[in-house]
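Visitor: Please take a close look at one part of this structure, the metal site, and then at what surrounds the other ligand.

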Amino acid sequence: MPAGTEVVLTEVGPRDGLQNEPGVVATADKVTLVRRLAAAGLREIEATSFVSPKWIPALADADDVARALPRVPGVRYGALVPNLAGWERFRAAGLDVAAVFVSASETHNRRNVNCSVAESLERFRPVLDAAREAGVRTRAYVSTACGCPYEGGVAEGAVARLAGALVALGVDEISLGDTIGVGYPAQVRALVEAVAGEVPLSGIALHLHDTYGRALANVQAGFDAGIRRFDASLGGLGGCPYAPGASGNVATEDVVDLFERAGVATGVDLDALVDVSAWLEREVLHRRLPGRVLRARLGERERAAAARTTT
Ligand code: HMG
Ligand code: MG
């Protein structure tokens, strides 16, 4: 990887991760999580989701979380916005990046948001108009970009056309979602090439789940294809409740480690991020998170502590 380059990471753990948690995470812990992620150097943080609380009960406190977030210079907070009702909540909370989301496959879209892909685009139109008028940055997820849990394969051309339609509606950034983590490097390269025909490379992010353990290889493939924006989730937390079998996102620690070792700047302090994940798993979730670099670093810390007590 060429040294001297930088990448922008969007931390999606507080949204993509916590939307999937079976237990209740206290509002104060969610706010602490976002605050600590910003302190670790993350500059784009998807903090919560203004979807229906009936559909995603785990984030029913989105309004309270968003209002309690401390403003940090240089840090942008994002949230999912499925429709105009979500946009009103987003505006009242005063966040920075409104993220709409639609699937490249009809069945997942219907299961996820209860309407067709065409209806989703119509729902977004007034949201994106309002965002433009308010000077709010927008991103659009194209989910199931590497495969659908209900329909199987998804054609790259279909993803590219949908991305093009979203850009025509005024979206600033497209995030290509491998929702169920089935993509592989050659597919990611072909996908990026297809979408780059519709959207400038600088406006494309990759959002890669890790079900098959290929997410980090897919990050590298995306980077090699010219992508410089990646979504990731601390400790590898995450999933979509309406995509059965999907596991978490690529772990932020793994992405930071991959890039920093190649001389590509992420702006993130890996030790501070490991501290955040360690706090989250021990004090809040009470289970181990899967991220490989997280596990390796915590193992090193434990061995070092044990060595100190025996000498
Ligand atoms: P619906 O039931 O078809 O909507 O849901 P509706 O308009 O008929 O409204 C039903 C009720 O919800 C009404 O309340 C509305 O007021 C209320 P009631 O009259 O029954 O009391 N409502 C809302 N309340 C609060 N905020 C709102 C809102 N909208 C309606 N914004 C809807 C349609 C889109 C709302 C629903 O399907 C929904 O919320 N779905 C969200 C599903 C979701 O969040 N999935 C996970 C996120 S996507 C993901 O994880 C993938 C991603 O990570 C990328 C990737 O990995 O590929 C982004
Ligand atoms: Mg996701």
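Guide: The metal site comes first, then the surroundings of ligand 1.

This is a predicted model, in which local features need pLDDT of at least 70, side-chain atom pairs count only at pLDDT 80 or more, and totals for chains, interfaces and linings use all residues. Residues are numbered from 1 along each chain as its sequence is written, chains are lettered from A and ligands numbered from 1 in the order in which they are written, and side-chain values use heavy atoms, with hydrogens and water left out.

The magnesium ion (ligand 2) has as protein donors D16 (OD), H207 (NE2) and H209 (NE2), at 2.1 to 2.3 Å. Donors are N, O and S atoms within 2.8 Å of the metal (3.2 Å for Na, K and Ca); water is not among the atoms, so sites may look incomplete. The sequence spacing of these donor residues is D-x190-H-x1-H. D16 sits in helix α1 (residues 13-17) and H209 in the loop between β7 (204-208) and α9 (215-224), so the pair, 193 residues apart, links distant parts of the chain. Helices (H or I, at least four residues) and strands (E, at least two) are DSSP runs, numbered from the N terminus. D16 counts as buried because its relative accessibility is 2%; H209, at 3%, counts as buried too. Buried means under 20% relative accessible area, exposed over 50%, partly exposed in between (1.4 Å probe, protein chains only).

As for ligand 1, a nitrogen atom of it is 2.8 Å from an N or O atom in the side chain of N112. A backbone N or O atom of G86 lies 3.2 Å from a ligand 1 nitrogen.

Definitions and conventions. Polar contact = N/O pair within 3.5 Å; in protein donor to acceptor, adjacent residues only side chain to side chain.
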